[in-house]
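The exercises below are meant to be worked with the sequence and the model open side by side. Each begins with a task and is followed by a solution in steps.

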Amino acid sequence: MKRVFAALLSATLMLSMLAGCGGGNSGGTSNPSTGGSSAGGSSAGGASSAGQQTPSRGNVILTFGTGDTGGSLYPAGAALSQVWNNNIQGMKCNTQTSTGSFQNVQDVASGEVDVAVATADVVLNGYSGQGKFETALDNVRVIGAVYTSVSSPVALKSSGMEYVHDLLGKRVAVGPAASATENSTLDAFNVMGIDANNTSLENLGLGDGADAVGDGILDAAFGFAGLPIGGQLNLAATKEIVVLDYTQEEIDQILAGNAAYIQSTIPAGTYTGQDKETKTFGVKCLIIVSAEMDEDLVYDMCKTMNENTADLAAGNALLNQMTDPAFLCTDMPIPLHDGAVKYFTEQGLI
């Protein structure tokens, strides 16, 4: 973890003098390994006063891996980073873009980033060393869930297409290479007999893919993210679109192939001009860290996150599900971090 601890000599001498004169710790139990308190208050609002914030363990700088700016991983990561920065003293969490879940799981496991968001199916594959992961990344842990990512395939209404299987032989954006969007799209195509031999599959970001549909370069674009997906929302604002549907038989076959998938829907009105609900599938999107991350720091991150879910949801409808404690910390595909277990157990949530 990238940490910078302020250790000025004059401050150390002053603390030593105070200790020698009987000066005590008034903020809680001190943790020598982290330089801070193992517990403390966090306010429910973003702009807390110093006295209300979670006590600092020194200056901590974290890097947060998200996704491309046309999807949902990026705004979710940005919102969480802001809440942590505003409510945990001495903490600075910087977001950065990535190609998505696959990269984020690898980067957390290797220490390239400290915290990231990734879909549950990719997290499970990484932890188990399955799918595109060559080895088991069993040092990855979960600290919470933020929203449900769903398969959202869109095309122009003028195309006349209604179902995903209508894309056979077409030109389709399937998301960045090795992303959750690509993985889920290929899983769906597999049950329909669609592949690179009979259909043009293009690796584009969610925003670029939607733009390419609007420009007439591609016939359809997939996203696998929380709703609404930014790039597709922008497309619907300028063009008449259709959200492609799955048959129930197709959904059943897709779910049978991946234990992390759940059936879901894209409600009517999610995108401008979308006049009917469509069937789809999805997974929980999770916040992940390394098992080696400081337990007290994770405890404070979970506490701050849980106490600010109403503000998070008010600022971004994508995060509405976080207000349900059961969604936040249960039904995880891999273990929770010890600090998360400690906090959510104390709250009676697990």
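R171 is partly exposed, with a relative accessible area of 35% in this predicted model, and it serves as the starting point of the first exercise.

**Exercise 1. Find the salt-bridge partner of R171, and state where each of the two residues lies.**

Step 1. The partner is D219, and the closest N and O atoms of the pair are 3.1 Å apart.
Step 2. R171 belongs to strand β7 (residues 171-173), whereas D219 lies in the loop between α6 (206-214) and β9 (220-225), so the salt bridge ties together parts that are 48 residues apart in sequence.
Step 3. D219 has a relative accessibility of 22%, and because buried means under 20% and exposed over 50%, D219 counts as partly exposed.

**Exercise 2. Determine how many salt bridges the structure holds, and describe those that involve K132 and K303.**

Step 1. The structure holds 3 salt bridges, one of them being the pair of D219 and R171 treated above.
Step 2. K132 pairs with E182, with 3.2 Å between the closest N and O atoms. This pair links distant parts of the chain, since K132 sits in the loop between α4 (120-128) and β6 (140-156) and E182 in helix α5 (residues 180-190), 50 residues apart.
Step 3. K132 is partly exposed at 43% relative accessibility, while E182, at 10%, is buried.
Step 4. K303 meets E307 through their side chains, at 2.9 Å from N to O. Both residues are in helix α9 (residues 295-307), and because they are 4 residues apart there, about one helical turn separates them.
Step 5. K303 is buried, with a relative accessible area of 13%, whereas E307 is partly exposed at 28%.

**Exercise 3. Decide whether T280 is buried or exposed, and list what surrounds it.**

Step 1. T280 is part of strand β12 (residues 278-290).
Step 2. Its relative accessible area is 1%, so T280 is buried.
Step 3. Beyond its neighbours within four places in sequence, T280 is in contact with V150, S151, Y246, I251, I262, Q263, S264, T265 and I266.
Step 4. With S151 there is also a polar approach, in which the side chain of T280 reaches the backbone oxygen of S151 at 2.6 Å.

**Exercise 4. Explain why helix α3 can be called largely enclosed, and say what follows it.**

Step 1. Helix α3 spans residues 101-110, and 7 of its 10 residues are buried, so the rest of the structure largely encloses it.
Step 2. The buried residues are S101, F102, N104, V105, D107, V108 and A109.
Step 3. After α3 comes G111, which has a positive phi, near 90 degrees.

Notes: Residues numbered from 1 in each chain as written. Predicted model: local features only at pLDDT ≥ 70, side-chain atom pairs only at ≥ 80, totals over all residues. Heavy atoms only, no water. Buried < 20%, exposed > 50% of the residue type's maximum accessible area, 1.4 Å probe, protein only. Polar contact = N/O pair within 3.5 Å; in protein donor to acceptor, adjacent residues only side chain to side chain. Contact = heavy atoms within 4.5 Å. Salt bridge = Lys/Arg side-chain N within 4 Å of Asp/Glu carboxyl O.
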